[in-house]
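Here's a quick walk through one chain, from its overall layout to a few side chains worth pulling up in your viewer. Have the structure open as you read.

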Amino acid sequence: MKKLLLIALCAVGISFSASAQYDPAVRFGIKAGANLSNIAGNDLSLGSGGNAFDFKDNSDRTLGFVGGVFFRFGRNFYVQPEFLLSQKGAKFNFDNSINDDKVDVRFSNLDVPVLFGVRIAKFFRINVGPMASYRLSSNGKLGDSFEQATNTDSRAEFNNRLAFGYQAGVGFDFGRLSLDVRYEGNFNDIVKVNYDNATTAAQFGKKSNLFQATLGFSIF
């Protein structure tokens, strides 16, 4: 029993030592983690009487999953493209003459960030770069809420299935393991609501932002 325990401890030590020496010029790996996302922009107040309502941002962030694969080319200076499935969303305060509700909006995206980074120390790095995000699906609650409040076809939609933005953050490498913490923002509106009836016509736009934390593992 003691011999088996000694062998196991030696194996763990050898594995840790090999991992600590791991520092290739090219990496490929998998990563997964969580998003804390929100959507913010111009608030919307419309009408008077039965169809009056206020649509405002809510400070609560939405928790979602993110995961995919990454490549890294370089050591001290590197380029890191990634392909990620990312769940995002937001909560809005929707107040009308009937009731006051929170609208929980959620959607799934394919994100492709391309990060340019520099390693400050052996384990610490910073990176920033552009990102393209393609919306795959949404839960449709935004349009449903507008139509319920106004009794009309609000034509509420997630505008621009393809959005462009950026990511910036810091990372830590421990052999094959890596930890990344980032902020993400958008350059263009991802939500647009058109509201039309005989007396009122208005629209508004909002951009997405999030904080992201992921744990990665380099396969080679």
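Buried here means under 20% relative accessible area, exposed means over 50%, and partly exposed is what falls in between. Keep in mind that this is a predicted model.

With that cut-off in hand, take Glu184: its relative accessibility is 1%, so it counts as buried. We'll come back to Glu184 once the overall picture is in place.

**The overall layout**

The chain has two helices and 12 strands. Reading from the N terminus, the order is α-β-β-β-β-β-β-β-α-β-β-β-β-β. Of the 220 residues in the chain, 39% are buried. If you take contacts between residues at least 6 apart in sequence, 70% of them join residues at least 24 apart. The accessible surface of the chain is about 11,400 Å², and carbon and sulfur atoms account for 64% of that.

**Inside: the nonpolar core**

Which residues form the largest nonpolar core? There are 10 of them: Ile39, Ala90, Phe92, Phe94, Val103, Val105, Phe107, Ala163, Ile190 and Val191. Two elements give two or more residues to this core, namely β5 (77-96) and β6 (100-119).

**A buried lysine and its partners**

Strand β5 also holds Lys88. Is Lys88 buried or exposed? Its relative accessibility is 4%, so Lys88 counts as buried. Its side chain has a polar contact of 3.1 Å with the side chain of Asp111, and another, at 2.7 Å, with the side chain of Glu184.

The Glu184 pairing also qualifies as a salt bridge, with the closest N and O atoms 2.7 Å apart. Glu184 sits in strand β10 and Lys88 in strand β5, so this pair ties together parts that are 96 residues apart in sequence. Side chains of opposite charge can pair when their charged atoms come close.

Who else is around Lys88? Setting aside neighbours within four places in sequence, its contacts include Asn35, Ser37, Val105, Arg106, Phe107, Asn109 and Met131. Val105 and Phe107 may ring a bell, as they are among the residues of the nonpolar core. Ser133, Ser208 and Leu210 are also on the contact list of Lys88.

**More salt bridges**

How many salt bridges are there? The count comes to 12. Here are three of them, with the closest N to O distance for each.

| Salt bridge | N to O distance |
|---|---|
| Glu184 and Lys88 | 2.7 Å |
| Asp180 and Arg182 | 3.7 Å |
| Arg27 and Asp23 | 3.9 Å |

The burial of these partners is worth a look. In the Arg27 pair, Arg27 has 3% relative accessibility and so counts as buried, whereas Asp23 is partly exposed at 29%. Asp180 and Arg182 are both buried. Asp180 and Arg182 also belong to a network, in which salt bridges that share partners join them with Lys31, Arg72, Glu82, Arg125 and Asp173.

**A glycine in the first strand listed**

Next, zoom in on Gly33, which is in strand β1 (residues 26-41). At 23% relative accessibility, Gly33 counts as partly exposed. Its C-alpha atom is 5.3 Å from that of Val66, although the two residues are 33 apart along the chain. Beyond the neighbours within four places in sequence, Gly33 is in contact with Gly64, Phe65, Val66, Ala213 and Thr214.

**Outside: the nonpolar patch**

Finally, turn to the surface. Ile30, Phe123, Phe174, Leu177, Leu179, Val181, Leu215, Phe217, Ile219 and Phe220 make up a nonpolar surface patch of about 920 Å². At least two residues of the patch come from each of β10 (177-186) and β12 (201-218). Which element gives the most? That would be β10, with three residues. So β10 appears in two places in this tour, because Glu184, the partner of Lys88, lies in that strand as well.

What about Phe220, another member of the patch? Phe220 lies in the segment after β12. Its relative accessible area is 53%, so Phe220 is exposed.

Note on methods:
Residues are numbered from 1 along each chain as its sequence is written. This is a predicted model: local features need pLDDT of at least 70, side-chain atom pairs count only at pLDDT 80 or more; totals for chains, interfaces and linings use all residues. Side-chain values use heavy atoms; hydrogens and water are left out. Patches are made of residues with over 30% relative accessible area and no salt bridge: like charges are joined within 9 Å, nonpolar side chains (Val, Leu, Ile, Met, Phe, Trp, Tyr) within 5 Å. Accessible areas come from the Shrake-Rupley method with a 1.4 Å probe; for residues, only the protein chains shown count as cover. A salt bridge is a side-chain nitrogen of Lys or Arg within 4 Å of a carboxyl oxygen of Asp or Glu. Helices (H or I, at least four residues) and strands (E, at least two) are DSSP runs, numbered from the N terminus. Buried means under 20% relative accessible area, exposed over 50%, partly exposed in between (1.4 Å probe, protein chains only). Contact means heavy atoms within 4.5 Å. A nonpolar core is a set of buried Ala, Val, Leu, Ile, Met, Phe, Trp, Tyr and Cys residues joined through side-chain atoms within 4.5 Å. A polar contact is a pair of N or O atoms within 3.5 Å; within protein, one must be able to donate a hydrogen and the other to accept it, and residues adjacent in sequence count only if both atoms are side-chain atoms.
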